Amino acid sequence: MSTRLEQVAQQKLDSLNRIRTSGIDPYPGSYHPSHSTEEAMTLFIQAKTESQVSLAGRIIAKRSMGKMTFLDIRDGSGKMQLCFRQGSLEKERYDFLNELDIGDFIGAEGILFRTKRGEITLQVSNFNILCKSLRPLPEKWHGLVNVEKRYRQRYLDLISNKNVRTIFIIRSQIITMIRTFLNDRGFMEVETPMLQAQAGGALACPFITHHNTLNNDLYLRIALELYLKRLLIGGFDRVYEIGRVFRNEGISVKHNPEFTLMECYQAYADYNDMMQLVEDMFSQLATKILGTSKISIGDKTIELSSPWQRITLRDAIKEHCNLDFEDYPDTASLRLRMEQMGLEVDPNKGRGRLIDELVSSFVEPHLIEATFLLDYPVDMSPLAKKKHGSNNLVERFEGFINGMEIANAFTELNDPIDQRQRFEKQAEEQDLEGETEVSDEDFLSALEYGMPPTGGLGIGIDRLIMLLTGQNSIREVILFPQLKTKATSSSKQSEIEDD
RNA sequence: GGGCCGUUAGCUCAGUUGGCAGAGCACCUGACUUUUAAUCAGGGUGUCGUGGGUUCGACCCCCACACGGCCUACCA
């Protein structure tokens, strides 16, 4: 007894063997089509005379009518109907069509014509199999719907669902546009270590790994910040990196353990310049991708062109929580006030984390329109420069769209003494919160050589792509999102062996 | 971590107070020289997520587990 899948696989294997027996290589080395299907379409429409072309692609439909067969093939650019007529091919070649199934790749040459129904079609005079497929593709009409299978076998999702394919094409275009945008402004793209002795630049739980030869533990980076700043110290005035960072935290529709971050740093600039940069970048991206600077999410329309709304963090919390954090200058008093408001307060959290909790719970959900929250407390921003004339606020903003944090920027702290004190204070609070991390001496000593005044910006690329493609789950814009590894019989076996 | 929902043929989905497991597509055989979700005639099909339990009898009821989705929690 065998399953349907096994029976189909056997049928395809039988076909493969018949092909081999007949002396044909079912997996030839190369085939060089003269045109893509899209180019062939254009050629036919523009050319007055009959055009001889060769095409290659995957068979996605087969309609046989006895002595005449139509195949639809698809390549990276589009699709084309192929017409095979017994009168135009040797009988042996025509009969070979029996060995071609949906899913196989073929190359075909012939002359383009238009059918009675008006479809541009290739009249095939010769063809070759380029790859024999051994598994059936998902159903043609409904496509692949099973979400788990779509993520685990994304190639099937891409074959079946054109809108999925489009999302990832747009993703690629957006990232190219960001590079062009920054390059045009004199930024230089760089690459910095993903394996780091210390995971700094953000407060997040890192992944830990081990280098065997060096015999020391290393961390996968959680941010790009501290190495990019070293490059400003080194004399590159405008640098950026678009790269993967890794955070060992929860998975949700807005979080994947590895995600793509863009950080850029501009010497002699401050957070106001970064705000302008964000406004320019986002409105330009939207205009190029969508043809308008407005994005539609559900029934909401959000304008991305300059200027975005600006509100200080203090005023935003006042408005949504009826609480002025300046009235509560220390952790204890703020915690007391929050408890009086009926909130459950984590006793290990410091003042910065408490304020952050107020923001994410009460303020963020209301920031639908493109909004900059300005001027954060120093407690929650150890790498940002203090606001001129203030001892407890820093020049920092976060950008929000549709209730989602999308950008984070500050005027970078370049006072090495202040930076050392911030690290020390942060270390104290982390001890209270049960985390331990030593300050980054290597970064501090770099800073002591002198870093120019600098504006820095970070943008979550995946979330930006969600906005511009109208997706509400980050997994829809990451080709292979993180899923739990399914135990296979062999891995179960190895677990037993490990025990 | 908690809650709710889901898991049936390769794919998309039905199904039953608890009484032989169903359809469309795909696949196989046959017919067909302008089809295009081709059509027509015929055909095959399954660990009903996994493991227990209740029952004369479980895809269905109960328990546990796995995986996924959404919500929530966590999250610089």
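Biologist: Which polar backbone atom is 3.0 Å from a sugar or linking oxygen of RNA strand B?

Modeller: In this predicted model, that backbone atom belongs to Gly 143. Glu 139 also places a polar backbone atom by a sugar or linking oxygen of RNA strand B, at 3.3 Å.

Biologist: Which residue has a polar side-chain atom 2.9 Å from a base oxygen of RNA strand B?

Modeller: That is Thr 115.

Biologist: Which residues around RNA strand B come nearest?

Modeller: There are 50 residues around the strand, and Arg 4, Gln 11, Lys 140, Glu 148 and Lys 484 come nearest. On the RNA side, sugar and phosphate make up 58% of the strand's atoms within 4 Å of the protein. By residue class, the protein surface there splits into 18 nonpolar, 13 polar and 19 charged.

Biologist: Which element gives the most to that surface?

Modeller: Helix α4 does, with five residues. Elements supplying at least two residues include α1 (4–21), β3 (79–85) and α11.

Biologist: Is Ile 355 of α11 buried or exposed?

Modeller: A residue counts as buried under 20% relative accessible area. Ile 355 has 0%, so it is buried. Beyond its sequence neighbours up to four places away, Ile 355 touches Leu 313, Ile 317, Phe 325, Leu 334, Pro 377 and Met 380. Leu 313 is 42 residues from Ile 355 in sequence, with 9.5 Å between their C-alpha atoms.

Biologist: How many residues line the second largest pocket?

Modeller: The lining has 23 residues; Ile 60, Arg 74, Lys 79, Ile 159 and Ser 160 lie nearest the centre. The pocket's volume is about 690 Å³. Eight of the lining residues are nonpolar, six polar and nine charged.

Key: Residues are numbered from 1 along each chain as its sequence is written. Chains are lettered from A and ligands numbered from 1 in the order in which they are written. This is a predicted model: local features need pLDDT of at least 70, side-chain atom pairs count only at pLDDT 80 or more; totals for chains, interfaces and linings use all residues. Side-chain values use heavy atoms; hydrogens and water are left out. On a 1 Å grid over the protein atoms alone, a cavity is a set of points where a 1.4 Å probe fits but cannot get out, and a pocket is an open set with protein on both sides within 12 Å along at least five of seven lines; lining residues have an atom within 4 Å of a point. Grid points are joined across faces, edges and corners, and a volume is the space filled by probe spheres set on the points. Ala, Val, Leu, Ile, Met, Phe, Trp, Tyr, Cys and Pro count as nonpolar, Asp, Glu, Lys and Arg as charged, and the others, Gly among them, as polar. Buried means under 20% relative accessible area, exposed over 50%, partly exposed in between (1.4 Å probe, protein chains only). Contact means heavy atoms within 4.5 Å. A residue is near a molecule or strand if one of its heavy atoms lies within 4 Å of it. A polar contact is a pair of N or O atoms within 3.5 Å; within protein, one must be able to donate a hydrogen and the other to accept it, and residues adjacent in sequence count only if both atoms are side-chain atoms. Helices (H or I, at least four residues) and strands (E, at least two) are DSSP runs, numbered from the N terminus.
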